[in-house]
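Here are some exercises to work through with the viewer open. Try each task before reading its solution.

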Amino acid sequence: MKPFRDMRLAEAFRIQLAAPDDFEDWRNAARRMIRADVPPDRITWESPADQSADLFAHGDRRLPPPPADAPQPRASRDFLQLAQSVILHSDSKRFSLLYRVLWRLQSCPRLMEDKADPDVRSMEDLARQVRRDIHKMRAFVRFRLVESVNSEQVEHYVAWFEPEHHILRANAGFFVRRFTTMRWSILTPRGCLHWDGETLQEGPPATRADAPSGDPVEALWRGYYASIFNPARLKIGAMLKEMPRKYWKNMPEAALIPELIAGAQAREARMVKAGEQDFGERPQSLDAIGDAILACRRCEIGCNGTRAVMGEGASTATLMIVGEQPGDTEEEQSRPFVGPAGRLLRTHLEEAGIPDRRTYVTNAVKHFKFLPRGKRRLHQNPTAKEIDVCRWWLDGERALVKPRLVLALGASAARSLLGKTVSVQKVRGEPHMLDDGSELWITTHPSYLLRLQDHGRAEEEIKFANDLRKVAARLSELFERGSPQD
Amino acid sequence: MSQLSVLERLEILADAAKYDASCASSGTTKRNSKGGKGIGSTEGMGICHAYAPDGRCISLLKILLTNHCVFDCHYCVNRKSSNTRRARFNPQEVVDLTLSFYRRNYIEGLFLSSGIVKSSSHTMEQLIEVARILREEHDFRGYIHLKTIPEADPELVAQAGLYADRVSINVELPTVAGLTRLAPDKSAPQIEGAMGSLKQAIVEAKDARKRFRHAPKFAPAGQSTQMIVGADAATDTDIVGRASTLYDRFRLRRVYYSAFSPIPDASAVLPLKRPPLMREHRLYQSDWLMRFYGYAPHEVQQAAGADGMLPLDIDPKLAWALRFRGDFPIDVNRAPREKLLRVPGLGVKAVNALVAVRRQRRLRLADVGKLTVSIAKVRPFIVAEDWRPVLLTDRVDLQSLLVPSVKPTQMELFA
């Protein structure tokens with residue numbers, strides 16, 4: 001047994017460190033105490049920021065001289081690395097924790113590998129909190145541009161931040177590397193950093209009042225923050241976990257959070273309502289669809305006070321002809337294709353040899369969209385959205401009638417069947433497969449023919465007739481193969 | 001029409017960009033602004049500069065150059081037939097916004113995408129122009145993620161990789177049928193072709209840099225993609241399978257999942273009901289199992305129920321363990337690392353710590369407890385020095401013992 005030991009047990013020491021985050025200072029003192037064989041419970045550690053919690057702490061400020069033959073203290077690399085983070089923590093017990101682990105390492109060199117050991121775990125916990133604080137400072141510092149007094153001065157960016165631990169000095173390198181060419185200052189209650197583009201200077205603690213109170217760009221940033229937020233997926237817990245409330249007061253965008261949360265549900269409800277297509281169960285008969293469309297108010301046309309027009313024809317027709325929407329006459333009589341365009345269509349169908357008993361005629365959109373002009377109602381094309389909404393009813397008719405062929409007249413009808421807008425002139429005259437296995441043919445709308453004059457009309461009418469002939473041929477082909485009907 | 005202010009356009013174009021889930025700013029080369037004329041740095045780990053109440057992080061300025069679009073994809077708020085408000089920025093305006101946000105430490109960089117105007121190649125040129133001005137004229141060294149347009153000229157796509165840290169192409173929907181129905185203007189072979197050529201360019205550039213120190217870097221943070229979940233009929237099994245082929249074929253860094261959420265002015269073809277957000281979370285967990293826990297895709301798929309869906313009430317790892325109880329309990333003092341990673345409740349960190357400690361001494365249940373969040377969850381699946389679950393592993397009601405939050409119902413008194 002060493003002769004000094006019994007005597008030293010009675011002694012206590014107080015060690016005053018130069019700064020709260022000075023690892024080298026702590027390390028030098030600790031090495032000396034280990035060599036002098038002073039056990040952990042005999043030392044009180046202090047730094048300018050950590051006054052001893054124990055009012056009655058006493059001890060010798062003069063450190064004992066280590067015996068000349070004392071061995072050099074040993075510490076694993078894991079310990080040194082972790083300790084450099086731990087020392088930045090604001091917990092005043094960190095110095096004694098580190099010393100205790102260093103003391104234990106002398107007899108148990110692999111202590112750091114025992115992650116379940118309480119002291120090792122405490123070190124890991126403190127280091128993790130420090131790393132998080134460092135990371136959050138990098139994330140949440142917000143610079144504000146200071147109005148320069150004379151225009152020749154370089155722009156100066158100033159931030160106010162309140163770190164929880166002694167991380168300011170340890171974090172300076174990051175900001176220097178990132179904003180090398182900027183002139184900036186970070187003010188905190190624990191001290192300040194100033195970078196002028198070449199050198200880094202430290203300053204005394206500051207207060208919030210020393211920092212600028214606003215920046216015009218913050219309006220843009222707040223606008224961005226509010227817009228990038230998706231109100232349809234509120235996850236407040238996930239936000240709070242990563243951005244706790246304590247940081248909010250120094251972040252310009254955080255002031256918006258309460259109103260964004262409050263408005264979110266309402267905004268989502270509005271979106272869902274605006275896109276309302278929850279039609280419920282599909283009607284089981286054509287009559288049911290006919291009744292239901294009268295009450296349909298899911299788009300603007302549905303709400304314009306006109307009467308919806310249901311399709312008509314053979315309920316097991318092989319050919320379904322789809323127009324755009326009812327016109328003036330159709331709406332008055334509440335029947336499809338009874339106006340001028342309808343008469344033209346019928347003439348052509350007869351010529352092509354397509355019998356009425358095999359067809360069912362209907363429209364892509366069930367209500368009449370028009371612009372009032374005096375006593376007349378001028379036809380207006382439905383929008384893509386209106387066609388898409390009304391598609392529900394057409395799909396219902398197709399599911400019940402189950403036509404083998406579908407003939408779409410014009411671009412609106414084609415969209416309603418294909419789900420996308422196509423150019424009629426490019427896709428006419430050839431079959432397209434629909435997802436229920438039926439065949440789609442596309443041609444122009446007869447009302448388009450009516451609008452043309454002389455030569456152009458004659459030309460288009462020939463093309464139209466050709467298209468119908470092809471459909472007629474396909475129709476009889478299907479019948480020769482033996483169709484259950486007819 | 002009067003010209004919209006920068007703020008108004010920023011609001012429209014950020015709003016239009018929010019359905020892209022990716023915001024990562026990590027995994028690129030380390031660089032800083034020392035010795036340069038500009039600002040910016042990337043240090044490996046990404047930084048989330050703010051969090052929105054939707055729980056998503058805000059790391060990059062994520063906007064569209066324009067939300068005008070000639071495509072008509074049903075799930076997209078910017079499709080041609082939607083009557084959303086339209087706006088556009090010119091490249092210089094985006095550059096100015098990026099830099100003034102970056103100087104104030106709001107962001108890590110830029111994530112730029114765009115609706116298709118005029119042609120795919122024209123749009124791609126505009127996107128590249130933004131990146132070029134940032135990199136060449138302002139010596140910007142922050143993070144740039146460019147969304148690539150699969151239909152654009154391959155030369156342009158290659159150019160994008162020279163300025164950007166990350167490039168991405170969205171596969172949009174997990175099945176080809178879904179894509180044809182909901183995105184009629186897009187084609188799956190074209191998207192995959194573009195991803196394939198990006199992979200080629202990334203691999204070639206990496207190879208060149210091994211041989212020539214000054215060979216240009218090409219998208220050092222790799223490529224990623226995004227799939228919309230819940231807009232079509234694809235099951236979780238389909239999605240997991242699709243994601244794993246994408247990882248294999250194109251060496252993607254990440255596959256992002258975006259739970260379909262109601263959009264303003266939605267198309268009539270879409271389902272109105274959104275899938276539970278939890279579904280997206282479970283898919284990400286399954287993604288983790290494959291990337292960090294050594295599960296093969298078919299093993300993750302085994303965790304799904306008969307309907308091909310992962311359970312929503314428990315995580316896929318626990319679901320797998322409950323299904324394959326024969327593999328448990330696992331001896332924490334003897335089992336290899338891969339086996340320990342299969343224990344529900346043990347993460348990668350905890351497993352590493354267990355392996356380190358057991359080199360020194362035998363682990364007791366209390367030791368495991370110190371290294372995990374909840375020993376109750378782990379206990380049925382392990383054997384420790386002083387612990388054996390005996391019949392616990394095989395109890396029929398094990399799931400309800402572990403997940404009491406699933407509405408504990410009062411037992412009948414005389415049941």
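## Exercise 1: A salt bridge between the chains

**Task.** Find the partner of A:Arg415 in a salt bridge, and give the separation of the closest N and O atoms.

**Solution.** Start from A:Arg415 and look across to chain B: the partner is B:Asp72, and the closest N and O atoms are 2.8 Å apart. The rule accepts a side-chain nitrogen of Lys or Arg within 4 Å of a carboxyl oxygen of Asp or Glu, so a pair at that distance qualifies. Keep in mind that this is a predicted model. Now widen the view: the interface of chain B and chain A holds 5 salt bridges by this rule. Polar contacts between chain B and chain A come to 29 residue pairs, both residues at pLDDT 80 or more.

## Exercise 2: The side of chain B that touches chain A

**Task.** Work out which elements of chain B contribute two or more residues to the side that touches chain A, and how that side divides by residue class.

**Solution.** Begin with the elements: helix 1 (6–17), strand 1 (50–51), strand 3, helix 2 (91–103), helix 8, helix 12 (348–358) and helix 13 (365–371) of chain B each give two or more residues. Helix 1 of chain B has the largest share, with 6 residues. Next, sort by class: this side of chain B has 36 nonpolar, 16 polar and 20 charged residues.

Then turn to contacts and area. In chain B, 72 residues are in contact with 70 residues of chain A. The size of an interface is often given as the accessible area lost when the parts come together. Here the area buried between chain B and chain A is about 6,300 Å², and carbon and sulfur atoms give 58% of that. B:Tyr51, B:Pro53 and B:Arg104 supply 12% of the area that chain B buries against chain A, more than any other three residues.

## Exercise 3: The parallel sheet of chain B

**Task.** Trace the open sheet of 6 strands with parallel pairing in chain B, and explain why strand 3 and strand 8 each have one side without a neighbour in the sheet.

**Solution.** Follow the strand order in chain B, which is 3-4-5-6-7-8. Strand 3 (60–64) and strand 8 (254–259) of chain B stand at the edges with a single partner strand each, so one side of each is left without a neighbour in the sheet. Neighbouring strands of this sheet are turned by 20° against each other on average, direction ignored.

Next, zoom in on one pair: strand 6 (residues 166–168) and strand 7 (residues 223–229) of chain B run in the parallel sense over 2 bridges. One of the bridge partners to look for is B:Ser224 in strand 7 of chain B, which is matched with B:Ser168.

Finally, add the helices. Helix 7 (residues 236–250) of chain B lies across strand 7 and strand 8 of chain B, at about 165° to strand 7. Helix 8 (residues 277–292) of chain B packs on the sheet, touching strand 7 and strand 8, and its direction makes about 165° with that of strand 8 of chain B.

## Exercise 4: Two backbone details

**Task.** Locate the peptide bond between B:Phe328 and B:Pro329 and decide: cis or trans?

**Solution.** Most residues other than glycine have a negative phi, and most peptide bonds are trans. The bond joining B:Phe328 and B:Pro329 is cis, with omega about -5°. B:Pro329 sits in the loop between helix 10 (316–323) and strand 9 (330–331) of chain B. For the phi part, look at B:Asn105, which is not a glycine yet has a positive phi of about 65°. B:Asn105 is in the loop between helix 2 and strand 4 (109–113) of chain B.

Conventions: Residues numbered from 1 in each chain as written. Chains lettered and ligands numbered in written order. Heavy atoms only, no water. Pairing = 2+ DSSP bridges. Helix = DSSP H or I, 4+ residues; strand = E, 2+ residues; numbered from the N terminus. Axes fitted to C-alpha atoms, helices over the stretch in contact; angles between N-to-C directions. Contact = heavy atoms within 4.5 Å. Buried area = accessible area lost by both parts, 1.4 Å probe. Polar contact = N/O pair within 3.5 Å; in protein donor to acceptor, adjacent residues only side chain to side chain. Nonpolar A, V, L, I, M, F, W, Y, C, P; charged D, E, K, R; others polar.
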